[in-house]
Amino acid sequence: MDVLWFQEDFVSDENKMLNRQLDVEKEYINGPERLFCILCSSPLSLSRNWYKRGALQYTSCATCGHLNGGHLETDEFLAYAYTDVESRELTKPYFDEYKSGKMFDDFELTVERIYLPKANFLRDVLLSKGMDIASVKLVDFGCGAGHFISALQKVGFKNIVGIETLQSALDISIKNGINSKILKLIDHSQTLNFLREVDCEVVTMLCVLPHLREPLKALEALKENVKCIATFQKLPKWSYASSLESIFPESRARVLGSDHTSVFSNESVRWVEKYLELNVWGEWKFGSDYLDLFRKLIIKSQGVEMSEEFREALQIQWMQIA
């Protein structure tokens, strides 16, 4: 139910979010065609599994199983998507992302319902490995509006730094009570060097890897960092929810769309772990697959002539399926 509360904005703001997604995708397809997997660099073949959603084509890599978008993430696209600089007068993906909606109108409730469970999980895993939570140096890379930093502080982490490429996001973090002294702005081009050299023991990256042009190199940079002991990754994955997106192209895509130009699968996650010889300390699989279907049913029902009483009755019926 906590996630359902969070998704209410996805219904009320469907048209606005869909239009923003389409703008971003128009920018994305200006890039050259992708010929090699964004994760493992193997050649991509359209004889392998592929599908189209709107203007975008996706291909599953035969080597690692990663799902690739059909174009390269150019410098122009990355600057458009992950900086505050205007580009082609399009609606930028994060231009007003941190300014409205439940996630930002009620910061504390969002921290409690969405981010505290993740912070508790990370704390418990690190404690099981004998790490001192109060003293461990932790960097939240891609800290956004500060929700996860706040959650980490609530569960006992004391030495935290938040990293962002959007000054607008850091400004909101400060408004949300995050100390500006622990926040740092970097350019997206600095990502690999930063991860390779940052002085910390733990790097958290919540839904960050799918936004990077070279996700494997980012993980390799972390592994090269002699001070970094562990990384906590939250990865959107190919799932029931993303399969729904492939057959509802007229609806906003939550997992695979906009600036999410590729997505992990169970297969590609295991490929990375084996390739980099990573030791998995903990794994938590969760999702909101049914709620994605529920959201699409609600949105579809709004285009059908019926009384509000009947529409509400349908919603109650749909919720009972979960």
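What percentage of the 322 residues of the protein count as buried? Keep that in mind as you load the structure, which is a predicted model. The answer is 52%.

**Stop 1: the whole chain**

Start with everything shown as a cartoon. The protein has 13 helices and nine strands. Now switch on the surface: the accessible area comes to about 15700 Å², and carbon and sulfur atoms hold 52% of that area. Think about contacts as well. Among those in the protein with a separation of 6 or more, 70% join residues 24 or more positions apart.

**Stop 2: the five-stranded sheet**

Hide the surface and look for an open sheet of five strands. Reading across, the order is E6-E5-E4-E7-E8, and the pairing is parallel. Which strands stand at the edges? Select 183-185 for E6 and 230-234 for E8. Each of these has a single partner strand, so one side of each is left without a neighbour in the sheet. Rotate the view a little, and notice that neighbouring strands are turned against each other by 20° on average, with direction ignored.

**Stop 3: strands E4 and E7**

Next, select residues 137-141, which form E4, and residues 202-206, which form E7. These two strands run parallel and are joined by three bridges. Show Val139 and find Val203 of E7 standing opposite.

**Stop 4: from E7 to E8**

Keep E7 on screen and bring back E8. This pair is also parallel, with five bridges. Pick Thr204, then look in E8 for its bridge partner, Phe232. Now add residues 215-224, which are helix H9. Together, E7, H9 and E8 make a right-handed β-α-β unit.

**Stop 5: a helix across the sheet**

Move over to residues 167-175, helix H7. This helix lies across E6 and strand E5 (159-164). Compare directions too: H7 runs at about 165° to E6.

**Stop 6: His71**

For the last stop, select His71, in the loop between strand E3 (67-69) and helix H3 (75-82). Is His71 buried or exposed? His71 counts as buried because its relative accessibility is 18%, and the cut-off for buried is under 20%.

So what is around this residue? Leaving aside neighbours within four places in sequence, His71 is in contact with Tyr28, Ile29, Gly31, Pro32, Glu33 and Arg34. Zoom in on Gly31: its backbone oxygen lies 2.9 Å from a polar atom of the His71 side chain.

Terms used
Residues are numbered from 1 along each chain as its sequence is written. This is a predicted model: local features need pLDDT of at least 70, side-chain atom pairs count only at pLDDT 80 or more; totals for chains, interfaces and linings use all residues. Side-chain values use heavy atoms; hydrogens and water are left out. Two strands pair if DSSP finds at least two bridges between them. Helices (H or I, at least four residues) and strands (E, at least two) are DSSP runs, numbered from the N terminus. Axes are lines fitted to C-alpha atoms, for helices over the stretch in contact, and angles run from 0 to 180 degrees between N-to-C directions. Contact means heavy atoms within 4.5 Å. A crossover is right-handed if, with the strands pointing away from the viewer, the path from the first strand over the helix to the second runs clockwise. Buried means under 20% relative accessible area, exposed over 50%, partly exposed in between (1.4 Å probe, protein chains only). A polar contact is a pair of N or O atoms within 3.5 Å; within protein, one must be able to donate a hydrogen and the other to accept it, and residues adjacent in sequence count only if both atoms are side-chain atoms. Accessible areas come from the Shrake-Rupley method with a 1.4 Å probe; for residues, only the protein chains shown count as cover.
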